[in-house]
Amino acid sequence: MEEPRHPISGIDYPGTFQEFDEWFSSEEACLEYVAKLRWPNGFRCPGCGFNTDKPSLMGRGLFLCRECKRQTSITAGTLFHGTHKPLRMWFLAMWFVTSQKHGASALGLQRVLGLGSYNTAWTWLHRLRRAMVRPERHRLSGAIEVDETYVGGVGVKVPGRGAKRKAIVAIAAEVRGRGPGRIRMSVIADVSAASLHEFVSNNVQKGAEVRTDGWKGYNGIDALGYRHVVTNLSASEDPAHVLMPRVHLVASLLDRWWLGIHQGAIRPSHLEYYLDEFTFRFNRRSSRARGLLFYRLMEQALTCTPMSRQMIIGGRNLHLVDG
Ligand SMILES: [Zn+2]
């Protein structure tokens with residue numbers, strides 16, 4: 001991926017927290033940054049098409065078109081749409097989230113921002129997680145390992161629940177040298193052919209080589225346009241982690257992350273979003289610059305669909321199995 005470059009400073013994101021603090025010292029500076037990213041070729045009025053390098057800022061984050069007098073909100077149609085909190089706080093939240101190696105907890109965010117309410121911090125984190133998935137993201141390519149794992153203890157904090165409930169998560173990992181390249185993960189209802197085929201179709205480019213174990217749910221993958229390579233675990237002397245090393249590495253990192261930062265206490269309907277956050281970090285793990293991760297999240301925050309609190313609390317439907 002191409003590194004972002006600013007024509008004057010040479011770089012488009014702050015490198016350290018000190019720089020961050022200097023760049024985004026005021027609400028106006030944050031608005032300017034958003035405007036620059038949204039309209040890199042100058043502001044274009046959505047009403048009349050008038051294009052200018054020097055749009056008139058009216059306050060309250062509105063641009064005034066000199067031609068047709070239409071007012072355009074700089075944050076309309078972005079993650080920040082309709083927020084009552086200063087943009088600077090959102091920027092701080094994004095810096096915090098992207099600079100935590102293993103992700104951020106709502107409690108941590110609440111402390112850093114000095115938010116009065118845990119619920120607000122929680123909602124903000126979920127909004128940011130929504131921005132971590134690019135709708136147009138490219139499917140995995142080359143050779144890909146695909147397998148399922150059980151994410152443990154979903155909803156264990158619910159009292160009176162008998163057996164621990166587990167969610168099934170499908171994982172796909174690109175083979176890049178000895179390690180994994182990019183990954184994709186998704187909660188699946190079951191390990192049927194219908195579920196697994198759908199996961200592969202949604203996440204892997206046609207023509208790619210798909211490596212799986214001998215589970216019958218993967219049968220017929222080749223008919224979908226993939227080169228299916230089956231490694232039969234039972235017929236082999238090698239333990240599973242040697243045959244599918246990349247997927248197993250990802251699964252164990254996911255497990256550790258899950259038990260570490262979130263203590264396994266994630267509401268089942270939100271698991272998919274935590275997987276999105278894990279994937280966002282994992283696929284950008286080679287970006288050594290913290291600022292670059294912040295910048296990527298910002299880019300995506302400006303193009304994602306705004307969400308109401310109710311939509312966030314609702315989460316997605318999730319299937320659980322006893323385990
Ligand atoms: Zn106009």
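These are numbered notes on a predicted model of a single chain with a zinc site.

1. **Overall make-up.** The chain has 323 residues, and 46% of them count as buried. It contains 11 helices and 11 strands. About 16300 Å² is exposed, and carbon and sulfur atoms supply 50% of that area. Take the contacts between residues at least 6 apart in sequence: 61% of them join residues at least 24 apart.

2. **Confidence.** The mean pLDDT of the chain is 82. A value of 70 or more is reached by 79% of the residues. Among the elements, helix α6 (residues 193–203) has the highest mean pLDDT, at 96. Strand β11 (residues 321–322) has the lowest, at 44.

3. **Weak stretches.** Over residues 1–10, pLDDT stays under 50. The model has 18 contacts beyond four places in sequence for residues 1–10. Residues 155–163 also stay under 50. For residues 155–163 the model has seven contacts beyond four places in sequence. Read any contact from either stretch alongside these pLDDT values.

4. **Zinc donors.** Which atoms hold the zinc ion as protein donors? They are the SG atoms of C45, C48, C65 and C68. Their distances from the ion run from 2.3 to 2.4 Å. Along the chain, the donors follow the spacing C-x2-C-x16-C-x2-C.

5. **Zinc geometry.** The angles subtended by the four donor atoms run from 103 to 114 degrees, so the arrangement is tetrahedral. The cut-off for that label is all angles between 85 and 135 degrees. For comparison, the ideal angle for four tetrahedral donors is 109.5 degrees.

6. **What the zinc site connects.** C45 sits in the loop between β1 (43–44) and β2 (51–52). C65 sits in the loop between β4 (62–64) and β5 (71–73). The pair therefore ties together parts that are 20 residues apart in sequence. C45 is buried, with a relative accessible area of 2%. C65 is buried too, at 2% relative accessibility. Both values fall under the 20% cut-off, which is why the two cysteines count as buried.

7. **Salt bridges in general.** How many salt bridges does the structure hold? The count is 10. As background, side chains of opposite charge can pair when their charged atoms come close. The next three points take individual pairs.

8. **R88 and D21.** The side chains of R88 and D21 form a salt bridge, 3.1 Å from N to O. R88 lies in helix α3 (residues 87–99) and D21 in helix α1 (residues 17–23). The two are 67 residues apart, and the pair links distant parts of the chain. Are these partners buried or partly exposed? R88 is partly exposed at 24% relative accessibility, and D21 is partly exposed at 32%. D21 can also be placed against L92, which is 71 residues away along the chain. Their C-alpha atoms are separated by 8.9 Å.

9. **E277 and R129.** The side chains of E277 and R129 meet in a salt bridge of 2.5 Å, N to O. E277 is in helix α9 (residues 271–283), and R129 is in helix α5 (residues 118–130). The pair therefore ties together parts that are 148 residues apart in sequence. Both E277 and R129 are buried.

10. **E209 and R211, and a network.** E209 forms a salt bridge with R211. Their closest N and O atoms are 2.7 Å apart. E209 is buried, with a relative accessible area of 15%. R211 is partly exposed, at 26%. Elsewhere, salt bridges that share partners join R129, E277 and R281 into one network.

11. **G291.** This residue is in helix α10 (residues 290–301). G291 is buried, with a relative accessible area of 0%. Which residues does G291 touch, not counting those up to four places away in sequence? They are Y13, P14 and W95. P14 is 277 residues from G291 along the chain. Even so, the C-alpha atoms of G291 and P14 are separated by 5.5 Å.

Note on methods:
Residues numbered from 1 in each chain as written. Predicted model: local features only at pLDDT ≥ 70, side-chain atom pairs only at ≥ 80, totals over all residues. Heavy atoms only, no water. Helix = DSSP H or I, 4+ residues; strand = E, 2+ residues; numbered from the N terminus. Buried < 20%, exposed > 50% of the residue type's maximum accessible area, 1.4 Å probe, protein only. Contact = heavy atoms within 4.5 Å. Areas by Shrake-Rupley, 256 points an atom, 1.4 Å probe, with all protein chains shown as cover. Donors = N, O, S within 2.8 Å, 3.2 Å for Na, K, Ca; no water. Tetrahedral: all angles 85-135°; square planar, octahedral: opposite > 155°, others 65-115°. Salt bridge = Lys/Arg side-chain N within 4 Å of Asp/Glu carboxyl O. pLDDT = per-residue confidence, 0-100.
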